[in-house]
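Thank you all for coming. I would like to walk through one model with you this morning, slowly and residue by residue where that helps.

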Amino acid sequence: MASSANNDRPNHRTARAFCLTSAFWFAAAASFGMIGAGYLIAPDFMANIGWLHFGKARPMHVNLMLFGFVTPGLLAAAFYYVPKLLRTALYSEKLGVFTAILWNITLPIGVVGLAQGRSQGREYAEWPWSVDMLIVVLFALVIFNLVMTVRRRLEPIIYVSIWYVCAAVILTGTTYCIGNVIWKPSTGALLGIPDAILLWFYGHNVFGLLLTPLGLGVAYYVLPLATRSPLYSHTLSLIGFWSLIVVYTHIGTHHLLQVPVPTWLKTIAIVDSVAMVIPVMVFLINIWYTVQGKLGTIHADIGAKFVFTGTIYYFFVNIQGSMMALPQVQRVTHFNNWVVGHAHIGVLGFAGVVAIGGIYYVLPKITGRPLYSRFLADLQYWLLLIGVTGFAVVLTIVGLIQGNAWLNGETVYRVLPEIHLYYILRASLGVFIISGAYIGLYNIFRTLYFNPGAATACE
Amino acid sequence: MRMTPTAIFIGALAILAAVVFVMVFWPYAQRDMTPSEIFRPRTLVEAEGRAIYIANGCVYCHSQSIRTFDWGHGAERIAQAGDYVSDEPILLGSQRTGVDLSQEGGEHPDDWHIAHFINPRYTRPNSIMPPFRWLGLEKINTLTRYIQALGLKQADQRMGRQTYWKKEAIQAYEAGPVYNVKWLAEHVPAGWRHIPNPYPTTAAGLMRGRRVYADFCIGCHGPIGDGMGDAQPWIYPPPLNFTILKDRQISGGILYYQIMNGITGTAMPYFKRELESQKIWEVGNYVAVYFINQSDANTAPHGIDSAWEP
């Protein structure tokens with residue numbers, strides 16, 4: 001249905017703009033990550049650059065990955081498939097392009113704010129208040145555009161991908177306001193322990209209510225279509241969707257198991273963290289059964305290949321996450337690099353890889369021409385695969401060394417020489433990831449502009 | 001079930017509202033903001049220092065959250081909700097790339113912190129903290145005020161101890177090296193003073209001692225033990241020059257005790273958390289052999305020889 005509907009040639013300018021936004025900020029965010037990794041190896045290597053030392057490069061890296069790379073990347077595909085699945089056009093391409101432009105104005109303001117030290121000091125909620133407000137506006141614009149598109153639909157049945165996109169933007173628009181305490185512009189925080197509870201409710205839901213549903217939306221769109229297979233089960237789609245919203249929202253407090261917060265809150269967080277296997281396995285069973293026996297088809301389509309790989313990381317990150325919520329496990333894993341590894345599997349391995357897959361899947365349909373280079377896309381695939389898997393292995397090893405040494409009474413300082421080598425390995429693997437990011441940026445840019453067309457493309 | 005826009009939007013928001021009520025609003029409504037027994041409000045300059053701490057992302061590497069099973073820095077005080085009642089935002093942190101700072105106040109005197117901020121490797125050779133010289137001395141001083149208040153009333157108590165002994169240590173230092181060395185030795189309990197290093201000097205032991213020295217001591221006492229390490233310009237009283245200690249009755253016991261316990265008031269920290277017995281004896285003997293040029297290792301009185309001795 002994708003290619004045949006191109007008669008009236010919608011220009012998809014919004015989706016194009018979001019593809020480019022995502023690719024650009026992936027490269028930028030990876031650069032900041034690389035700088036951070038460098039500091040951990042040689043803390044004097046960029047000594048006395050006050051606006052870019054580790055404590056500033058890290059929130060730039062994290063926030064740009066979340067709000068610059070993954071979110072726009074997943075939205076890029078959504079801006080293409082939502083109208084497509086509803087047999088209509090996007091409500092307003094103008095508004096969509098404006099949203100993308102505002103997005104690219106907001107992020108540099110945020111980065112400059114962090115560089116100036118205007119961080120609010122709360123993880124994932126660092127952006128200063130002015131940037132928070134801009135992000136709320138951005139979400140409002142996206143919600144408005146999508147809701148109006150849904151209202152104008154010609155297709156009566158709303159496909160599961162659209163449930164996820166709608167829920168993601170509306171829920172995150174809400175939790176972003178609450179989590180950033182936007183009614184208190186001076187600090188953007190509550191007082192004392194309730195601040196920690198709110199922060200981790202919000203922080204975990206950046207992943208749970210934004211990246212995950214957007215990512216699952218892309219997977220539900222790309223994989224059945226690429227394999228030309230009907231979705232395995234509507235019932236499982238329903239169970240997966242509703243249980244995700246119910247369960248994911250409960251688990252933020254598992255970041256605070258070793259902190260004086262009410263025990264009942266910790267209990268709920270642990271129980272629901274384990275219960276995360278329900279929405280996760282329901283989704284995976286549904287999508288993996290859908291593509292059963294079609295791995296060859298997936299392999300042939302670079303977009304689907306990325307997305308399918310992302311679902312495997314989704315499996316790992318969630319099994320790992322459920323395990324880490326167990327207090328006995330967390331005694332070892334908390335406060336060290338194990339968690340950093342976990343975060344990279346989730347945000348890059350799952351959500352990021354799915355976002356890139358979504359972009360590569362819709363780009364040829366948007367431009368009406370194949371990707372600029374299938375070879376570069378494959379190269380990027382392997383660079384990211386090696387990079388993020390290597391991250392998972394190396395950071396898990398470091399985490400185990402740190403966590404067990406600390407439990408055994410070693411001081412943080414004593415363990416530093418032992419983990420130095422792993423920081424070097426981690427930065428080396430970062431070179432794979434950053435190369436993948438820049439190659440992706442080039443490939444996506446050339447697909448959209450100066451694309452010589454089918455003649456020179458590999459496919 | 002038929003998924004209409006209404007079902008999606010209202011359903012999702014209703015679930016979210018219910019969960020926010022239970023998981024966020026309810027604990028907020030039930031919050032206990034009673035200050036703990038160590039709580040006191042921060043002074044203006046301490047609050048200003050905290051803002052510098054937040055602006056520079058110190059929270060990404062330093063937790064402020066002591067757990068029931070911690071051993072390291074500040075582990076004597078397990079965190080309670082009442083310790084955080086003036087924190088907005090709360091800075092629990094999620095990583096220990098560096099140490100927990102809940103009870104950092106008064107662990108070191110101010111001059112140690114200044115040297116450490118100028119470049120952390122001046123006082124801690126293996127540290128991977130970026131240097132903060134670029135902040136400028138004024139901001140470093142303000143930040144130090146916040147760091148020295150971490151632990152609140154308990155920090156004040158420790159700071160009182162630092163201030164008292166700093167005065168004493170400066171007086172002793174300014175009275176000249178003869179008096180200073182005597183003063184330092186006299187504050188070691190008598191039992192320790194008369195214990196020689198019970199283990200014989202071995203080449204392997206000296207090599208291990210050298211490594212401990214390079215990891216822990218070299219920043220202040222310098223590569224040749226003359227007290228002219230990188231930290232020296234920032235520290236007063238300055239780091240001890242080991243090369244003047246010959247024939248001044250510096251026993252292995254005195255060295256051991258000073259390394260284990262530190263000299264409060266000076267930048268010399270205690271190493272009892274970081275170095276086990278063997279490491280302390282061996283670094284002490286390394287200093288005695290190479291820098292003092294006089295070691296009492298394996299001299300009388302010593303008890304039954306240890307089974308490992310060559």
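**Cysteines, salt bridges and the contact between the chains**

Let me begin with a cysteine: Cys177(A) counts as buried, because its relative accessibility is 19% and the cut-off for that word is under 20%. Please keep in mind throughout that what you see is a predicted model, and that the values I quote are computed from it.

Staying with the cysteines, the count of disulfides over all chains comes to zero. Cys166(A) takes part in no disulfide, and the nearest cysteine sulfur to it, which belongs to Cys177(A), is 18 Å away. Seen from the other side, Cys177(A) is likewise in no disulfide, with the sulfur of Cys166(A) as its nearest cysteine sulfur at 18 Å. As for Cys166(A), its relative accessible area is 5%, so this residue is classed as buried.

Let me turn to the contact between the two chains. How many residues does each chain bring to the contact? Chain A supplies 82 residues and chain B supplies 75 residues. For those who work mostly at the bench, the size of an interface is often given as the accessible area lost when the parts come together. Here chain A and chain B bury about 6,800 Å² between them, and 70% of that area lies on carbon and sulfur atoms.

On the polar side of this contact, there are three salt bridges between chain A and chain B. Asp44(A) forms a salt bridge with Arg121(B), with 2.8 Å between the closest N and O atoms. Between the two chains there are also 20 residue pairs in polar contact, counting pairs in which both residues are at pLDDT 80 or more. On the side of chain A that touches chain B, the largest share comes from helix α6 (residues 193-227) of chain A, which gives nine residues. Sorted by class, that side of chain A has 47 nonpolar residues, 24 polar residues and eleven charged residues.

Now to the salt bridges more widely, of which there are 26 over all chains. In chain A, the side chains of Glu155(A) and Arg87(A) meet in a salt bridge, at 2.9 Å from N to O. This pair links distant parts of the chain, since Glu155(A) sits in the loop between α4 (129-151) and α5 (160-179) of chain A, while Arg87(A) sits in the loop between α2 (54-85) and α3 (93-115) of chain A, 68 residues apart. Are these two partners buried or exposed? Glu155(A) has a relative accessibility of 16% and therefore counts as buried, whereas Arg87(A), with a relative accessible area of 53%, is exposed.

A second pair in chain A is Asp378(A) and Arg374(A), which form a salt bridge with the closest N and O atoms 2.9 Å apart. Both residues lie in helix α14 (residues 374-407) of chain A, four residues apart, which is about one turn of the helix. Asp378(A) and Arg374(A) are both buried. In chain B, the side chains of Arg96(B) and Asp100(B) meet in a salt bridge at 3.3 Å, N to O, and both of these residues are buried. There is also one network, made by salt bridges that share partners, which joins Glu410(A), Arg414(A), Glu276(B) and Lys279(B).

I will close with two buried polar side chains, one from each chain. Ser237(A) is found in helix α7 (residues 234-248) of chain A, and it is buried because its relative accessible area is 1%. What does the side chain of Ser237(A) reach? The side chain of Ser237(A) reaches the backbone oxygen of Ser233(A), at 3.0 Å. Leaving out residues up to four places away in sequence, Ser237(A) touches Val160(A), Trp163(A), Tyr220(A), Leu231(A) and Asn286(A).

In chain B, Gln162(B) is part of helix α6 (residues 153-174), and with a relative accessible area of 5% this residue is buried. The side chain of Gln162(B) reaches the backbone nitrogen of Gly265(B) at 2.8 Å. Again not counting residues up to four places away in sequence, the residues that Gln162(B) touches include Gly106(B), His108(B), Thr264(B) and Gly265(B).

Definitions and conventions. Residues are numbered from 1 along each chain as its sequence is written. Chains are lettered from A and ligands numbered from 1 in the order in which they are written. Side-chain values use heavy atoms; hydrogens and water are left out. Contact means heavy atoms within 4.5 Å. Buried area is the accessible area (1.4 Å probe) that two parts lose on being put together, summed over both. A salt bridge is a side-chain nitrogen of Lys or Arg within 4 Å of a carboxyl oxygen of Asp or Glu. A polar contact is a pair of N or O atoms within 3.5 Å; within protein, one must be able to donate a hydrogen and the other to accept it, and residues adjacent in sequence count only if both atoms are side-chain atoms. Ala, Val, Leu, Ile, Met, Phe, Trp, Tyr, Cys and Pro count as nonpolar, Asp, Glu, Lys and Arg as charged, and the others, Gly among them, as polar. A disulfide is a pair of cysteine sulfur atoms within 2.5 Å. Buried means under 20% relative accessible area, exposed over 50%, partly exposed in between (1.4 Å probe, protein chains only).
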